[in-house]
Each structure stands twice: as structure tokens, then as C-alpha cells.
Amino acid sequence: MKNPELINENGMPENLAIMFHKDNCTVIAIQDVTEDSITGDELVENLNKLRLFSRFRLDRETSEYVRLITIDCWGKTHYFKAWK
């Protein structure tokens with residue numbers, strides 16, 4: 001998969017760096033996990049192995065993209081989308 005992006009529930013783009021705190025992870029690690037994943041389930045598993053603030057679950061998988069969903073500690077919904 002390629003071109004990972006994080007968007008909020010209103011469709012506004014967010015920075016991938018808000019998914020972790022300081023040295024817990026890097027944007028490059030998130031990009032690497034995305035590129036190494038082939039299916040949506042594999043992407044969920046690989047992202048959840050990283051030290052991120054939230055856990056992801058599969059929201060939607062089409063022939064073009066995979067979209068994951070997470071809800072942060074303040075109840076805000078975020079979507080992680082990667083293109084096949």
C-alpha cells in the first residue's frame with residue numbers, strides 16, 4: 001500500500017505525527033508499515049504493533065484503498081487511509 005493519510009471525521013487532513021508522542025514512533029515507521037502491508041487486516045495488525053496513541057480497526061476495504069478507524073481519548077474519530 002502507499003500514500004498513507006490521516007483525516008478527521010469531517011474529512012480534514014491531519015498530520016501523521018499526531019498519532020504518537022515524541023520518540024515512541026516516527027512518521028517514517030508508519031510509512032514503512034503501510035508500504036509493507038498488502039491487506040487491510042495486515043495493515044491493522046502492523047500499525048497496532050507500533051507505539052501509537054490509539055488502536056486501529058478496519059473500517060472499509062475496496063479494490064482501490066483501505067480505510068481504518070480509531071477513536072482517541074477525547075472521543076474524536078480519525079481515519080487512516082492507504083491506497084493499494
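In which helix is Thr34 found? In this predicted model, Thr34 belongs to helix α1. Its relative accessible area is 0%. Thr34 is therefore buried, since the cut-off for burial is under 20%. Beyond its sequence neighbours up to four places away, Thr34 touches Met1, Lys2 and Pro4. The other contacts of Thr34 in this set are Leu43, Phe80 and Ala82.

Helix α2 spans residues 40–49. Its buried residues are Gly40, Leu43, Val44, Asn46, Leu47 and Asn48. Several elements contribute to the cover over these residues. Helix α1 (27–36) is among them. So are the strands β3 (57–61), β4 (65–71) and β5 (77–83).

Nonpolar side chains tend to be buried together in soluble globular proteins. In this model, the largest nonpolar core contains 18 residues. Met19, Ile30, Leu43, Leu47, Leu52, Leu68 and Phe80 have the most contacts inside it. Two or more core residues come from each of α1, α2, β4 and β5. The greatest contribution is that of α2, with three residues. Leu43 and Leu47 thus appear both among the buried residues of α2 and among the core residues with the most contacts. Leu43 and Phe80, two of these core residues, are also touched by Thr34.

The largest pocket holds about 220 Å³ of space. Its lining includes Leu6, Ile18, Met19, Leu52, Phe53 and Ser54. Phe56, Thr70, Asp72, Cys73, Trp74 and His78 also line this pocket. By class, eight of the lining residues are nonpolar, three are polar and one is charged. Met19 and Leu52 line the pocket and also belong to the core residues with the most contacts.

His78, one of the pocket-lining residues, lies in strand β5. Its relative accessibility is 10%. His78 counts as buried because this value falls under 20%. With residues up to four places away in sequence left out, His78 touches Leu6, Ile7, Glu14 and Ile18. Leu68, Ile69, Thr70 and Asp72 are touched by His78 as well. Two of these partners also make polar contacts with the side chain of His78. The side chain of Glu14 does so at 2.7 Å. The side chain of Asp72 does so at 2.9 Å. Asp72 lines the largest pocket too. Between His78 and Met1 there is a separation of 77 residues in sequence. Their C-alpha atoms are 19 Å apart in space.

Definitions and conventions. Residues are numbered from 1 along each chain as its sequence is written. This is a predicted model: local features need pLDDT of at least 70, side-chain atom pairs count only at pLDDT 80 or more; totals for chains, interfaces and linings use all residues. Side-chain values use heavy atoms; hydrogens and water are left out. On a 1 Å grid over the protein atoms alone, a cavity is a set of points where a 1.4 Å probe fits but cannot get out, and a pocket is an open set with protein on both sides within 12 Å along at least five of seven lines; lining residues have an atom within 4 Å of a point. Grid points are joined across faces, edges and corners, and a volume is the space filled by probe spheres set on the points. Ala, Val, Leu, Ile, Met, Phe, Trp, Tyr, Cys and Pro count as nonpolar, Asp, Glu, Lys and Arg as charged, and the others, Gly among them, as polar. Buried means under 20% relative accessible area, exposed over 50%, partly exposed in between (1.4 Å probe, protein chains only). Helices (H or I, at least four residues) and strands (E, at least two) are DSSP runs, numbered from the N terminus. Contact means heavy atoms within 4.5 Å. A nonpolar core is a set of buried Ala, Val, Leu, Ile, Met, Phe, Trp, Tyr and Cys residues joined through side-chain atoms within 4.5 Å. A polar contact is a pair of N or O atoms within 3.5 Å; within protein, one must be able to donate a hydrogen and the other to accept it, and residues adjacent in sequence count only if both atoms are side-chain atoms.
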